[in-house]
Amino acid sequence: MACVEAPLLTSVLSEVTAASRHYVDRLFHHDPQHVLQGVVDMKNAVIGNNKQKANLIVLGAVPRLLYLLQQKESSLELRTECAIVLGSLAMGTQNNIKSLLDCQAVPALLQGLLHPDLAFIKACLGCLRTILTSPVTSVELLYTTPEHQTFLFSNGAVPTIAPLLASPIYKVRIEALKCFAVLTYENPQVSLALVDVVVEGEGDLLPQVFVRMMRRDEPIEMQLTAAKCLTYMCRAGALRPDDVVIVLKTLPCLVRMCSKERLLEERVEGAETLAYLIEMDIELQRLASITDQLIPTLADYFKYPTPVSPIADIKRLDHDLKHSHELRQAAFKLYAALGANDEDIRKKVIETESMMDQIVTGLGDPILKVQLAAVRCLHSLSRSVQQLRTSFQDHAVWKPLMKLLQKVPDEVLMVASSTLCNLLLEFSPSKEPILESGAVDLLCDLTQSENAALRVNGVWALMNMAFQAEQKVKTDILQKLGSEQLLRLLSDSDITVMMKTLGLLRNLLSTKPHIDWIMSGHGKQIMQIVSLTLEGAQDPEVTEQTLCIVANIADGTLAKELIMSHTDVLQKMKFYLTHSNVKLQIAATLCVSNLAWHEEEGALERQARLRDLGFVEILQQLSQTGDPSLADKVKTALQQFP
């Protein structure tokens, strides 16, 4: 969350004194000494005064103090005093801690630990201790970045922490286990090292100790944390997905955590960890889908809790009602992972009670994380051809999806636009209504995004839209995208953007009537695009696709003459006929074959020109090739010449 000054609501303003505003104003003074004195006075004012602390946070003191603390131009004394004041503010309420976390205080204070001055380090450490020991702060905040993980690993964290797993004190064991969970997350180096670690006092390798900690008679917190350690080791490549530790121990443990007998937070963590474990492995997905009725069990995540749920503890019920969105988010994530690859699993998921209705509702959820999880679930299920033709159409999922695409963060937009690519496939009944709802404009805008993934999705969706489309749709795409943007996309630094743009051009230039129609209106620009792409292409795949576009143009009737009058393109065709890459030779041969096709009007003149340019001679030489595919294409091309 970005750090912003809190809105000055009337109820708060009435409590903010003129003196409080004066403290903050002094932080912006041009005289450094005046600023230093202001910070010192602020330090004295907030000691033991939670009301004053809240006032200063509301008035925006935290971001300014952090700014001064990080500025190398600030005197050491000023930076130290800022750290002390921040530490004092942190010792107020939990809301104060949240404000400091929102303003990214932890990274700034951690950076302060690198300073050589002991007094400054102590001030930063004091503030960090207060923040990191607060119940509102996640322990993972401190050391889940690769740099922090590697630092701890390199400085002996593993041999230091491992013996603590054998401690007779539960709190010591669980905290040591949590350390391993955050150390192994997406870190192959640490995960691989843990495989061979022997735990002193246990006499077993670390993975086997984790397995024992997942026994049903252990506390749920320990079972779940141990399962997370093994999950992270598996995803990092330290354990194989078919290892019995994963298949027979970790996966069943995580499925148990999804049971309705578990607490809300346990069900959420269990489902999200299981989703992470299985999302890249189809066999684990299949196994999970048939374990303990997992698919119907997840459907309960959307129903619980309700105000009439049988929970005796009123505080627990109130907590669960406030956090029920986390259950929905977790369910969507796990359904998405389950349906990532297997058609039968997707069918089971979609046939689950009210599943499509839940997804449609999730797409409009006011909580962004739920919205993102719902669209990821939809994207996973949209890979099913059968479901695109049936359930997706029955529930008109394209409507909330199109609405979602209008104004959402890039993270959601990337998944939503990927889903739209699938809904625009030629066999999808949703394609027509999506076209009518203004998708061309939206997708053309995406191609101009600074985000390469969004550019890819925009072009990809247009490519799918253009496949076997009516002439009007193709013309609409060309007019709204424009030749300049096409050129920009074909010179994009991302190779996938280039390839999808070439795919779009191929789909636009298909079927004779469409080819001639498009080339009559945009021929000059398209030939320029083709010529420039062939001239600058470094990647063989780009060259091959561009030659295929030339072959498509040559399949037109009137369009042939545009190629024949373009000497640069003809010379490039000739060059690639003698290229060492067989695929490029085949593509160039197809261009010649289409241009010389004897049944087309004007064939004799084109054949004579191509013969004069030396194409026939090259084709005759190629007829001796040992590649059967190339030999077949050359034979067809030579048959066009009398």
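**Salt bridges and loop residues in the predicted model**

The side chains of Glu 600 and Lys 512 meet in a salt bridge, with an N to O distance of 2.8 Å, in a structure that is a predicted model. Because Glu 600 lies in the loop between helix H40 (582–596) and helix H41 (603–612), whereas Lys 512 belongs to helix H36 (residues 512–536), the pair ties together parts that are 88 residues apart in sequence. Glu 600 counts as buried, since its relative accessibility of 17% falls under the 20% cut-off, while Lys 512 is partly exposed, with a relative accessible area of 30%. Elsewhere in the chain, Glu 175, Lys 178 and Glu 221 are joined into one network by salt bridges that share partners.

The count of salt bridges comes to 27. Among them is the contact between Asp 342 and Arg 286, whose side chains meet at 2.8 Å, N to O. This pair also links distant parts of the chain, for Asp 342 is placed in the loop between helix H22 (324–338) and H23, and Arg 286 in helix H19, 56 residues apart. Asp 342 is buried, with a relative accessible area of 10%, whereas Arg 286 counts as partly exposed at 34% relative accessibility. A further salt bridge is formed by Glu 351 with Lys 347, the closest N and O atoms of this pair being 2.6 Å apart. In this case the acidic residue, Glu 351, is exposed, with a relative accessible area of 53%, and Lys 347 counts as partly exposed at 39% relative accessibility.

Backbone geometry was also examined. Most residues other than glycine have a negative phi. Asp 292, although it is not a glycine, has a positive phi of about 50°; this residue is found in the loop between helix H19 (282–289) and helix H20 (294–299). Asp 292 counts as exposed because its relative accessibility of 52% is over the 50% cut-off. A positive phi, near 60°, is likewise found at Ser 354, again a residue other than glycine, which is placed in the loop between helix H23 (343–350) and helix H24 (355–363). At 37% relative accessibility, Ser 354 counts as partly exposed.

For residues 60–96, an unreviewed UniProt entry gives the annotation "repeat: ARM". In the model this span is 76% helix and 0% strand, and its end C-alpha atoms lie 12 Å apart.

Conventions:
Residues numbered from 1 in each chain as written. Predicted model: local features only at pLDDT ≥ 70, side-chain atom pairs only at ≥ 80, totals over all residues. Heavy atoms only, no water. Helix = DSSP H or I, 4+ residues; strand = E, 2+ residues; numbered from the N terminus. Buried < 20%, exposed > 50% of the residue type's maximum accessible area, 1.4 Å probe, protein only. UniProt positions renumbered as here; feature names shortened; annotations may be inferred. Salt bridge = Lys/Arg side-chain N within 4 Å of Asp/Glu carboxyl O.
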